[in-house]
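Open the model in your viewer and keep the selection panel at hand. This tour moves from one sheet to the next.

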Amino acid sequence: MNDFFSTLNRIGERWFWVLRFGFWVPSAEPKTQNPNPKTNFGNAVHTWIRCCGVSVLCAVTSTIAHAAAPAGHFPTWKHLSSANGDLPKPNGGKNQTSLLVLDVDRDGLNDIVVAERSAAPAVVWLRRDRSGWTRHVIDDGKAPIAAGGTFGDVDGDGDLDVVFGSSGAGSNVWWWENPLPRGDPKTPWARHVITNTQKGQHHDQLAGDFLGTGRNQVVSWFQGAGELSLFTASGNPREATGWSLITVATGLKRAEGLAAGDIDGDGQRDIVGGGRWFKYLGGSKFATHLIDDAQTPGRAEVGDLVKGGRPEVVMVIGDGIGRLKWYECAGDPMQTDAWRAHDLLGIDVRQGHSLQIADINADGHPDIFCAEMTQLANAPANPQSKAWIFYGDSQGNFTKTEIATGIDFHETKVVDADGDGRLDIVSKPFVWETPRIDVWLNQGPTGMPKKSNE
Ligand SMILES: [Ca+2]
Ligand SMILES: [Ca+2]
Ligand SMILES: [Ca+2]
Ligand SMILES: [Ca+2]
């Protein structure tokens with residue numbers, strides 16, 4: 001049990017499953033299907049964006065965009081919401097801080113985990129059943145959980161455990177132990193402390209092997225001190241003393257966003273976030289390399305948006321207002337001026353707290369999902385908030401579609417929510433109309449393949 005994450009790393013198939021459907025590396029690999037391009041395009045607004053060296057934004061009609069679209073087809077969506085009784089309302093409070101999607105009960109279908117900081121129960125999961133979702137409690141207490149979180153097999157017993165950090169009211173990063181394989185995940189899970197000394201908010205967590213040890217670590221933005229923390233289990237992971245801390249970077253106030261990718265191509269995965277990337281140098285040392293200082297409070301994603309070469313990075317301000325940009329590296333990634341930025345929208349994004357790279361239309365080309373929040377406090381600040389998908393062609397061209405207007409997206413995940421093999425959108429608001437959860441099921445265009453065993 002003390003062999004942190006070792007089982008996960010020994011079982012290649014499970015690791016692949018987590019990579020493919022989890023969000024440690026949500027853009028790890030595009031699918032290679034080649035569906036029929038003769039499709040309808042739903043009601044989305046299409047805009048053709050061409051980025052060749054210098055970012056150029058051209059708004060054209062839907063018809064022209066259709067003809068020029070590199071991907072050739074886009075899914076239609078079926079919107080389900082707890083507001084309509086399609087899903088159970090998750091927690092009972094008004095501050096829904098975190099959302100994860102993972103297969104909690106190992107039945108092959110992804111389930112939804114929601115954390116909430118204003119009321120008990122702090123953490124619940126919605127089990128995906130044959131045709132819907134059923135709510136169960138993970139933590140029946142109250143906990144000041146902040147936005148972020150990740151999952152993985154922390155104790156090496158073959159099931160997925162979840163990790164969340166505390167808001168400024170606390171000083172913790174915790175993990176919750178999945179009762180499987182001997183217990184029932186429908187009964188409350190034990191909560192364990194990873195750290196209880198770092199007073200202040202922990203915003204965003206990421207699991208991965210960034211030290212090259214063959215075991216995964218947990219990375220967390222310790223916003224209370226403007227530091228990036230890395231925790232590794234050196235002893236019993238059920239005890240705080242079983243975890244040791246490496247401080248990856250300091251002096252990064254309000255930094256957020258975490259993603260992983262091999263930025264410099266040396267075979268070792270790097271950490272990306274806070275407008276920067278972090279390269280492991282050995283021992284307890286990391287180097288910090290700046291991509292764009294304006295994205296310090298930005299969400300981050302890494303993926304092969306332009307096929308081949310170095311991976312690309314996408315960033316947008318999660319808690320604030322700023323541009324959604326993707327970055328390609330034309331030279332040495334340790335040199336900031338080697339990073340070339342492309343503005344995807346040409347206008348500011350407001351609280352773009354949801355960002356993900358995934359091949360949403362299954363054409364082999366990674367796409368970008370980004371969505372805004374509607375409300376931060378008592379009144380909606382952005383009643384016309386948007387959710388977009390930018391369909392890529394692996395050459396740096398993107399076709400913009402709008403998925404929703406006026407719905408609060410926070411910590412959204414693009415993942416197969418109903419087990420049909422198509423990537424869906426699972427989202428919740430932070431405070432807007434809470435408690436609430438929404439799912440957009442990918443209906444696929446005609447000819448878009450589904451899993452054969454559906
Ligand atoms: Ca399941
Ligand atoms: Ca486990
Ligand atoms: Ca695609
Ligand atoms: Ca699906």
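Two strands count as paired here if DSSP finds at least two bridges between them. Keep that in mind for the first stop, and note that the model is predicted.

**Stop 1: β3, β32, β31 and β30**

Select Ile425, then look across to β32: Trp440 stands opposite. Widen the selection to residues 424–428, which are strand β31, and residues 438–442, which are strand β32. Three bridges link β31 and β32 in the antiparallel sense.

Now bring in the whole sheet. It is open, has four strands and follows the order β3-β32-β31-β30, with antiparallel pairing. Colour β3 (77–81) and β30 (410–415) to mark the edges. Each of these two has a single partner strand, so one side of each lacks a neighbour in the sheet. On average, neighbouring strands in this sheet are turned by 15 degrees against each other, direction ignored.

**Stop 2: β13 and its partners**

Go to residues 217–222, strand β13. Is this strand enclosed or open to the outside? Six of its six residues are buried, so β13 is largely enclosed by the rest of the structure. The cut-off for buried is 20 or more other C-beta atoms within 10 Å of the residue's own.

Show the side chains. In a regular strand, side chains alternate between the two faces of the sheet. Gln217, Val219 and Trp221 point one way from β13, while Val218, Ser220 and Phe222 point the other way. Both sets are buried.

Add β12 (residues 202–208), which pairs antiparallel with β13 over six bridges. Then add β14 (residues 227–233), joined to β13 by five bridges, also antiparallel. Which residue ties into both partners? Centre on Val218: it is the bridge partner of Ala207, and in β14 its own bridge partner is Phe231.

Follow the chain from β13 into β14. The two strands form a hairpin with four residues between them. Stop at Gly226 in the turn, where phi is positive, about 70 degrees.

**Stop 3: β20, β21, β23 and β24**

Select this open sheet of four strands, ordered β20-β21-β23-β24 and paired antiparallel. β20 (298–303) and β24 (339–343) are the edge strands, each pairing on one side only. Neighbouring strands in this sheet are turned by 25 degrees against each other on average, direction ignored.

Zoom in on β23 (residues 325–329), which five bridges join to β24 in an antiparallel run. End on Trp326, whose bridge partner in β24 is His342.

Note on methods. Residues are numbered from 1 along each chain as its sequence is written. Chains are lettered from A and ligands numbered from 1 in the order in which they are written. This is a predicted model: local features need pLDDT of at least 70, side-chain atom pairs count only at pLDDT 80 or more; totals for chains, interfaces and linings use all residues. Axes are lines fitted to C-alpha atoms, for helices over the stretch in contact, and angles run from 0 to 180 degrees between N-to-C directions. A residue is buried if 20 or more other C-beta atoms lie within 10 Å of its own, exposed if 12 or fewer, and partly exposed in between; C-beta atoms are placed from the backbone.
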